[in-house]
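Hi,

Here is the structure I promised to pass on. My notes on it follow right below, so keep the viewer open while you read.

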Amino acid sequence: MSQAACPSEISDIVRQVIAELRAAAPASVNGLPPLAPIAGPVAPESFVGRHGIFDSVDEAVRAAEEAFLRLERLGMEGRRKAIAHIRRISIEDAVELGTMEFNETKIGRLAHKIEKLKILGERAPGVEFMRSEVFSGDHGLAVIEYAPFGVIGAITPVTHSLPTITGNAVSMIASGNSVVVNPHPSGKLVAAEGVRRFNQAIHREIGIDNLISLIAEPTLDTAAALFKHRGVKLICVTGGPAVARAAMESSKRAIVAGPGNPPVVVDETADLDRAARSIIAGAAYDNNLLCIAEKQVFVVESVFEKMMEAMGRAGAARLNAQQVDALTSKAIVWTGEGHHRHQVACKDFIGQDAAILARAAGTGVRDDVELLFGETSVDNPFVPVEQMMPFVPFVRCRDADEAIQRAHQSEHGFRHTAIIHSHDVRNMTKMGRLLDTTLFVKNGPSTAGLGLGGEGYISFSIATPTGEGVTTPLTFTRQRRCTLVDDLRILGSPQ
Ligand code: NAD
């Protein structure tokens with residue numbers, strides 16, 4: 001009579017079956033050497049075939065852990081191949097995925113949703129940013145290498161749901177990590193579809209699934225579980241004040257790409273037409289959803305009216321005082337209780353077209369108008385609130401000093417982004433020093449700060465309070481040093 005197997009026997013049998021399946025696995029995947037068996041206990045279930053989509057945080061982290069270990073064995077070439085698929089899909093499927101993101105989130109502009117995917121696919125920093133350092137001296141050699149952390153927990157915003165995941169995935173995988181994403185609930189479907197496509201293609205070529213894992217039904221609880229999970233070695237959050245605060249309070253090392261409220265100063269030495277074109281290009285992009293986008297403008301009195309005329313010439317539509325008041329009363333609302341009571345942008349207007357805002361202001365504009373603007377006092381809530389909609393308040397200031405001071409106050413010490421239009425080096429320097437921002441753009445649109453029409457590279461995770469700046473693969477690494485004493489150096493050493 002046969003006896004029922006006890007639990008330890010069952011796990012022995014499962015291990016044996018998995019070992020046999022591994023032994024019977026194909027000798028290579030697309031010419032790559034077969035994977036050696038994973039050392040230590042083998043998880044009885046396999047996550048291969050899930051293509052990164054998970055309901056449970058624990059499963060997502062375990063699947064990403066396994067993917068990380070497998071990636072380690074494929075070296076830099078494996079990382080390069082995985083990233084090439086993420087880039088290719090972001091570019092080739094940009095219209096389809098961008099349209100999906102636009103339809104799901106219902107914010108921003110379709111053309112820019114598509115363009116953001118293409119730009120991130122083409123230009124997100126990849127393996128070319130990886131390097132190592134060598135110190136060679138009388139006592140031998142020290143090599144410093146930039147090693148992966150392992151599984152990274154990422155929180156992404158609704159403003160660029162899939163583009164943020166694309167950029168994060170390229171940079172995190174370039175440095176050898178895997179990632180579990182808790183996307184914004186309002187952009188979860190396009191996030192899941194992008195992640196599924198990335199993983200499927202990567203798995204097909206290099207045999208690794210779930211390098212990018214994603215929580216399909218994200219909530220604040222799943223975000224908290226991801227922050228706390230023992231398998232998550234590093235956190236990277238991209239979002240507003242609440243998530244930035246939560247990450248800063250977490251016990252894990254966090255890279256925090258927090259909120260901004262970028263001010264612009266225009267002084268009497270500025271090229272006003274160029275300033276106007278720049279402000280429209282930056283502030284109207286994706287209906288002002290970018291964290292770096294121009295949010296309020298401080299203009300010195302002597303050129304204030306000329307600057308307003310330049311804005312009109314460049315294609316923006318001016319609201320009068322009554323229209324500004326009508327828009328303000330609808331687009332900015334109160335939230336919170338007691339000490340926490342403050343004003344925020346009304347969800348109904350975030351990322352909407354200028355024509356919709358104009359209607360709320362009691363007027364109409366042509367459909368091709370991308371940006372509304374109007375004179376306000378410094379006390380108008382559009383000045384301190386990160387509006388994320390295509391209306392920009394213009395505040396008249398006595399001189400450049402007052403403009404810089406007011407710009408500083410309106411930025412709230414986020415130290416995110418600031419812009420100046422000026423040819424006075426002292427004003428530029430004064431503003432740069434006082435605001436102390438991560439990005440400081442002179443005489444161009446805010447987007448130039450991310451290498452779009454300016455120099456430098458792009459990422460949609462700009463780490464502000466934690467100081468890493470525009471993130472690259474090296475942001476997601478830990479330094480390891482290997483020292484060889486008294487040997488290897490080919491130059492003569494003291495005897
Ligand atoms: P949001 O703060 O509402 O949400 C961002 C993410 O954080 C979402 O996934 C959300 O679900 C999550 N979240 C919110 N509160 C949380 C909490 N307490 N614990 C854990 N997770 C939490 O922001 P949004 O509307 O999606 O995006 C716009 C904001 O993000 C703006 O403030 C913008 O400046 C900022 N942003 C910053 C960067 C940057 O690189 N610094 C880039 C893009 C957006």
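Arg-197 is in contact with Ile-89, Asp-93, Glu-96 and Leu-97, leaving aside its neighbours within four places in sequence; contact here means heavy atoms within 4.5 Å. You'll find Arg-197 in helix α7, which covers residues 188-206. Helices are DSSP runs of H or I with at least four residues, strands are E runs of at least two, and both are numbered from the N terminus. Arg-197 has a relative accessible area of 15%, so it counts as buried. For that label, buried is under 20% relative accessible area, exposed is over 50% and partly exposed is in between, with a 1.4 Å probe and protein chains only. One more distance for Arg-197: its C-alpha is separated by 9.3 Å from that of Gly-52, and the two are 145 residues apart along the chain.

Before you go further, a word on where this comes from: it is a predicted model, in which local features need pLDDT of at least 70 and side-chain atom pairs count only at pLDDT 80 or more, while totals for chains, interfaces and linings use all residues. Residues are numbered from 1 along each chain as its sequence is written, and side-chain values use heavy atoms, with hydrogens and water left out.

Now the overall picture. The protein has 15 helices and 20 strands. Its radius of gyration is 26 Å, close to the 23 Å that the globule rule gives for 495 residues, so the protein is as compact as a globular protein of that length. (The radius is taken over C-alpha atoms, and the rule is 2.2 Å times the number of residues to the power 0.38.) The C-alpha trace spans about 90 × 75 × 45 Å along its principal axes. Of the 495 residues, 54% are buried. If you look at contacts with a separation of 6 or more, 73% of them are between residues 24 or more positions apart.

On the outside, the accessible surface comes to about 22,400 Å², and carbon and sulfur atoms hold 54% of that; the areas come from the Shrake-Rupley method with a 1.4 Å probe, and for residues only the protein chains shown count as cover. As for charge, there are 51 positive and 57 negative charges, and their mean positions are 1 Å apart. Lys and Arg count as positive and Asp and Glu as negative, while His and the chain ends are not counted. Each charge is placed at NZ of Lys, CZ of Arg, CG of Asp or CD of Glu.

Next, helix α14, which has two glutamates to look at. Glu-402 sits in this helix, residues 400-411, and is buried at 13% relative accessibility. Outside its neighbours within four places in sequence, Glu-402 is in contact with Arg-396 and Cys-397. Glu-411 is in α14 too, and is buried at 1% relative accessibility. Not counting residues up to four places away in sequence, Glu-411 touches Asn-261, Pro-263, His-416, Thr-417, Leu-435 and Thr-437.

Over in strand β5 (residues 178-182) there is Asn-182, buried at 4% relative accessibility. Beyond its neighbours within four places in sequence, Asn-182 has contacts that include Ala-154, Ile-155, Thr-156 and Ile-215. From Asn-182 to Gly-469 is 287 residues in sequence and 22 Å in space, C-alpha to C-alpha.

Which residues other than glycine have a positive phi? One is Asn-287, with phi near 55 degrees. Asn-287 is in the loop between α10 (272-283) and β10 (296-300), and is buried with a relative accessible area of 1%. Another is Met-388, with a phi of about 50 degrees. Met-388 is in the loop between β14 (372-375) and β15 (391-397), and counts as buried at 18% relative accessibility.

Last, the aromatics: the structure holds 4 aromatic pairs. In one of them, the rings of Phe-382 and Phe-391 have their centres 4.7 Å apart and their planes at 65 degrees, so this pair is edge-to-face. Rings of Phe, Tyr and Trp (its six-membered ring) pair if their centres lie within 6.5 Å; planes under 30 degrees apart count as stacked, over 60 as edge-to-face and the rest as tilted. Phe-382 is buried at 0% relative accessibility, and Phe-391 is buried at 0% as well.

Cheers
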